[in-house]
Structure formats: structure tokens, C-alpha cells
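User: Please give me a close look at one buried position in this model, and then work outward from there to the strands, the chains and the contact between them. I would like one connected account rather than a list.

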Amino acid sequence: MNTKSIVLTCASLLLCTGLARAADVEVLHWWTSGGEARSVDHLKKSLGAKGVGWKDFAVAGGGGENAMTVLKSRAVSGNPPTAAQIKGPSIQEWGDLGFLANIDAVAKSNRWDSLLPTVVSDVMKHEGKYVAAPVNVHRVNWLWANPAVFKKAGATIPTTWQDFMVQARKIQDAGMIALAHGGQAWQDATVFESIALGIGGSDYYRKAFVELDMKTLDSATTREVFRVFGEVRGLIDSNAPGRDWNVATSMVIKGEAGMQLMGDWAKGEFTAAGKTPGVDYVCVAAPGTSGSFTFNIDSFAFFNQGDAGAQKAQRAMAAEILSEDFQKVFNLNKGSIPARLGMARDEFDSCAHASMDAFLASAQTGGLVPSFAHGMAVSEAVSGAIYDTATNYLNSRQSVEDGVKQLVAAIKSAQ
Amino acid sequence: MNWLEKMLPKLVLAPTTVAMIVCMYGFMIWTGALSMTRSRMLPQWEFVGFDQYVRLFQNPRWEVALNNLWIFGFLFIAISLVLGLVLAILLDQKIRGEGFIRTVYLYPMAISFIVTGTAWKWIMNPGLGLEKLMRDFGFETFEFRWLVDQEMAIYTIVIAAVWQSSGFVMAMFLAGLRGVDDSLIKASQIDGASAWQAYWHVILPILRPVFFSAVMILAHIAIKSFDLVQALTAGGPGYASDLPANFMYTYAFNRAQMGVGAASAVIMLFGVLAILVPYLYSELRSQRK
């Protein structure tokens, strides 16, 4: 071949690659465990089928703390990713700072207002305009149990916190760990939250942890919550500090532990391990919370992009997130329920059905509450203060009185 | 040409000096200013005086972090110095294989704190590491639970940090010992001093500049210990092994309380200055004498 044809071939090849790299979305998230990674993969594939490339930007760290830190540095340096996994009041904080892109056009053409329950769409809007797309609705107040462990110990699945202590001791006497737990601040706060909801009820929960009413926080109910939380110290094993949530779930899967108090993303782990609900594992509401639903809505917020190609890709991603196919496959893999209303239920398992029913029922009765342990109810500063108090209390021999005092002081100082 | 020759050293050093002034001192002042503002998630220039400092000192986690810094700093520097000195003296005895042993002791310094933290986390984990090993050997009731004990977690960080840095201190002291004039030692031997007396009264005083450098470097490593804590205990259990650097990172970047984080950084700076400036002054003054 002579030089001219070589040059022409190379030039045309280069041109092709330039065309193929049309529009990429760079997405920041912290879904790195088994079930979660599969769910993200599905979004990547369906966007790829529409010609939108995916630049993954996964930052591990179950509570999302690390990812949020990285996001702040990127946003401040003027180079935010196309979309980021932001949820709850943080969406409002970012919107107030002027970083988020308006995707109302996509929302209107796809009739999002009629497809989403108000409690969900309110979180996605900043000053009345959509800036984020909800992916799912998680229920946090679940108790996951291994029936084989219970059978061996001669225990029954508890429905009240008093009963929980009794059954847990039975499991311990049979030589197994009662409660599988990972000693990280957000996990300690998740257990604390379920206890608060179970003992105080949804009215107390809302007053104390959403409205942050000081009198409710400094009450006898809170002292009871701390007392029960203190009893949990004796039910977890000594290797708990620092353990990841999915390692704790695997303890239940393998039959080393009887129960785990974790949100329904734990179901994704059971599914990924090939276990069947009702047979290999059982999902019940956390003790005392059967009429309540602590919600945690995962969503992707979209950042202002200068490039027109990036904006187009953003809109494609937003539309894809709320599509029936994505909502179905994503939630089947993740363990949560779709944010989109009116979807077919037949492919979802019994735990998901229970979750969907509880979601609709609790919306009527007022038992639908945002999760403070997962950044849905209060700002990062306040939830951080609760994290500190909960983790310090669980890991020390602090008295109930001191625990309550620290909680009240920390929340006051974080506002 | 003459002018250029005279100015050349200053010109060559100028970029570094400017970078230092802007990056170190400029940003120190910026952080100080930030600590007096209402900043939450991102910097906001609304001045609120010493409000953030009040919030900082009301925070129980900060109290724990400060306490830990004194415990960790003091133990880490003291043990590293003693261990490094002893190792250097022993290596100085003209033994066989000295080069090999010296390299082995220096190796820990070559790995990053994250690797050290992770490895020691596995070693000190009750269910996986030392405790399990001893129990498998037959010592059924052996317990080494420091890593998950609220009171003792900070000491595990001391262990890992000393392991990493004593080799380096040893290398510094070894170099210093090699620089001691042979005639001085011979003179003390003629005077009838035992080995111990020779070391304590003659050689160690000569090594004072080396002590000074070692303390400076160890102090800077102690203040800097963020990655070691993150890898080894993640501040846990609870926040019992938190150090101010971790506190500052968590509050400034994770908790959207940048004002409090900046205030904690300023307090750290003052704490360090309060100790190092007098030491620096006394050492440099005595050297000039």
C-alpha cells in the first residue's frame, strides 16, 4: 500500500472513533456490592442500546459518604459529573447552590407527575421544577431472618422489642450470633432508627427526628429507645466493628447469625446468593413497626452541563430511569420497589409485594416516614450528629441518661 | 553579568518560595478566615465570629480526638526515639550482616500508611489475627481485643505507627553515630568509663541535632496520621480512636460543616506551634552558641 492510502485509512478510522464517542454520561454512585452492581449494569446496558456511553464513577462506601465528598470537590472545581446519586434534603441543598439542571421538559413529556406518588416527586423537585429522577423506593425497617437458625434454636420471629430480646438470647444459647451487624456509624444509626420507630411509633419519630422538636427528643420515650438500643450491645459479636453491611448479610445467609436489621437492599444479596424468600430467608417488618414504612428513595440528580451533547445524554438518561423496563429490572436486582406507580407485580417476589402493600397502606395512615439514618429526613449535619451519638453509645458503656443528653446537645449544635 | 551571578540563587529559589508562601501561609490564613464564617457544605463568606469554635469545643467527639492526639503523639515519638536509638546502637557494634539487617528494619518505612493500617488491622483482629493464632496454638483464654476496645483502640494505632517509623529513626541515629569521632570514644575508655557511661555522657550529647531532626519528623508524621487511622480503625469503635485530622475531614467534607472543620484545623495548627516553636527556638539558639 502506498503512503496516501495509509494516511486516508487512518484519517477515516479516526473520524469514525470521533463520531462513535457521541455523548457520554459520567455517573457518580456508590453501588458496589453484588446485587447493586448488577442493577447499575442494567442501566448502563439500556443506555448503551440508545447510543449513550457510560463513564462509571463508582466510589465505594456503603453510606455514600465518600462519594459525596468526591462530588463536592468535583462540583467546586467546576467539573461536575453528568449525574450523581444524591437523595433527600441534599437535593435541595445542591439546588440552592445552583448546581442542578432543570429536567422539567423530560418530566412533562413523560407525565412524571402522574407516575410518581407526591411524597416521592416532592423530593425530586427544587422550587417546583424537577432536578432529579427517582430510581426506587427502599424500605429501611426490615428484619431479615434465617428460619433454619431459628428452628435450631427453638425460637420464633419476634414482633415486639421485648420479644426480640427473648428470642435473641435463645439463638445465642444455641451457639449462634443473634444479630449480624456491621460496626459502621450508618449501620448503628439504621438499627437505632428501627428501634426508635418501633418503640415510639411514627408520630414520635416524625416529631423527634424530622421536625427535631427538643421536648420530644428529651423525653421518656427517647430514654426507652436508648435502653433497648443498649441491650443490642450484648447481641452482636466482637468482630462487628468496621464490618461492611453485606458481610453481615452473608453471616445470615450462611447460618452463622439469626437476624439482621437492614434495609431491603439486603434482599439483593440474598437474591444474588440464589436464596428464595420464605424458604431460605424470611423478611418481616422490624419489631413494632409493622404499620410503618421508613422510606429511602435513591435518585440521580443532574448537574448543569455546558455541552449540548452532554445535555442530550442527560435527558436520555432521565427518561430511561423512569421507563417501565428499567424500573422493573433494576428493582428486581436491587431488592427495592419501583418508584413508578402502577407497574405489574407478577415478577416481584413476596417480600417486594409486602413492601408495595405497606407503602400504599402507610401513605394513607401516616406511617410513611423518611429515614434519618439514610439522609432523607434531615440535613447531613444533623444526621451526622445522630450517627456520632448512636455509634458512640453502641460501642461504649455510656448510660441512657448520658446518651440522651449527648443526642440533644449534638442535634442542637448541628443546626 | 555580575548582577545575574549574584541574583541567581535567589532567582532559582523564588518559584519555590512563592509557592510556599501562597500554598502554605496563604491557605493557612484562608482556613483561619473560613473558620470564622457560617460555611456549611461549601464556603460561604458570612462572618459569625467565634461561633464555630464554641460549637467545636462543645462537641464530645472533638474532646476525644484532642485527647487521642496527645496520647498518640507522646507515645509514638517517645517509643520511636527509644526503639530507634537502641536499634542503632546495637547495629553500630560492627556485627556481621549489618547491611542486610539495616535494610530489613528500614523496609516498613517504604510502604504507605494505608498498607500498614490494613495489615495491622488483620493482625490485631480478634477473630482473624493474633488472638485466633494463639488460641489455635492452645492458649485457650488468650485475649488481644485492643482493636475493638474503646479504651485501648488508640494504642493499636501507636503500635502500627511505631512499627513503621522506628526503622527510619534508627537509620538517622546510625548515621549520627557513624559521625562520632573515634578519638572521643577512645579517650573516654582511657579515662575508665564503662560502655554505658561512654554512651550516656559522651555520645548521646553529640547526637542532640539528630534527636532534634528525629523529633521534628516524628511530630509531623504524628499530626499527619489520617490515613493510618482510616485504614486501621476508621476512627472506631464508635469514634474512640479518632484523631483531629480525621475529625476535620469528617466534619468539613462529610458532614457539611466546613466552618467547624476549619476551626478544628486552626486549633490543630496552634497546638502544633505551641510545642514546636519553643523547641525550635531553644535548639537553634543552643546551636548558635
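Analyst: Leaving aside the neighbours within four places in sequence, A:Leu197 is in contact with A:Asn141, A:Ser202, A:Tyr205, A:Thr289, A:Ser292 and A:Thr294. The model is a predicted one, and the contacts of A:Leu197 should be read in that light. The residue itself belongs to helix 10 of chain A, which runs over residues 185–210. A:Leu197 counts as buried because 28 other C-beta atoms lie within 10 Å, where the cut-off for a buried residue is 20 or more. A separation in sequence can also be set beside one in space: A:Leu197 and A:Val378 are 181 residues apart along the chain, while their C-alpha atoms are 16 Å apart.

One of the contacts of A:Leu197, A:Thr294, leads directly to strand 12 of chain A, residues 293–296, which is covered on both faces. On one side of this strand stand A:Phe293 and A:Phe295, on the other A:Thr294 and A:Asn296, and all of these residues are buried. As a matter of principle, side chains in a regular strand alternate between the two faces of the sheet. Strand 12 of chain A has pairings of both senses. With strand 15 of chain A, residues 368–370, strand 12 of chain A pairs in the parallel sense over three bridges, and here A:Thr294 has A:Val369 as its bridge partner. With strand 7 of chain A, residues 136–139, strand 12 of chain A pairs in the antiparallel sense over two bridges, and here A:His138 is matched with A:Asn296. A:Thr294 is thus named both as a contact of A:Leu197 and as the bridge partner of A:Val369.

A further sheet of chain A deserves a description of its own. Four strands form it, as an open sheet of mixed pairing in the order 9-10-8-11. Strand 9 (177–179) and strand 11 (282–285) of chain A each have a single partner strand, which means that they stand at the edges and that one side of each is left without a neighbour in the sheet. Neighbouring strands of this sheet are turned against each other by 20° on average, direction ignored. Within it, strand 8 (residues 142–145) and strand 10 (residues 257–261) of chain A pair in the antiparallel sense over three bridges, with A:Leu143 standing opposite A:Leu261 of strand 10.

For chain A as a whole, there are 19 helices and 15 strands, and 53% of the 415 residues count as buried. Among contacts between residues at least 6 apart in the sequence of chain A, 78% join residues at least 24 apart. The C-alpha trace of chain A spans about 85 × 45 × 40 Å along its principal axes. The radius of gyration of chain A is 23 Å, which agrees with the value near 22 Å for a compact globule of 415 residues. As for confidence, chain A averages a pLDDT of 88, with 94% of the residues scoring at least 70. Over residues 16–21 of chain A, however, the pLDDT is below 50, and beyond near neighbours in sequence this stretch has one contact in the model.

Chain B is built from 13 helices and zero strands. Of its 289 residues, 32% are buried, and its C-alpha trace spans about 80 × 70 × 30 Å along the principal axes. Among contacts between residues at least 6 apart in the sequence of chain B, 68% join residues at least 24 apart. The average pLDDT of chain B is 89, and 99% of the residues score at least 70.

Where the chains meet, 25 residues of chain B are in contact with 24 residues of chain A. On the side of chain B that touches chain A, the elements giving two or more residues are helix 3 (60–91) and helix 12 (244–254) of chain B. The residues on this side of chain B divide into eleven nonpolar, nine polar and five charged. Helix 12 of chain B is mostly covered, with ten of its eleven residues buried, among them B:Phe247, B:Met248, B:Tyr249 and B:Tyr251. After helix 12 of chain B comes B:Ala256, which has a positive phi, near 55°. For the model overall, the scores are ipTM 0.78 and pTM 0.83.

Conventions
Residues are numbered from 1 along each chain as its sequence is written. Chains are lettered from A and ligands numbered from 1 in the order in which they are written. Two strands pair if DSSP finds at least two bridges between them. Axes are lines fitted to C-alpha atoms, for helices over the stretch in contact, and angles run from 0 to 180 degrees between N-to-C directions. pLDDT is the predictor's confidence in each residue, from 0 to 100. Two residues are in contact if their C-beta atoms, placed from the backbone, lie within 7 Å. The radius of gyration is taken over C-alpha atoms; the globule rule is 2.2 Å times the number of residues to the power 0.38. A residue is buried if 20 or more other C-beta atoms lie within 10 Å of its own, exposed if 12 or fewer, and partly exposed in between; C-beta atoms are placed from the backbone. Ala, Val, Leu, Ile, Met, Phe, Trp, Tyr, Cys and Pro count as nonpolar, Asp, Glu, Lys and Arg as charged, and the others, Gly among them, as polar.
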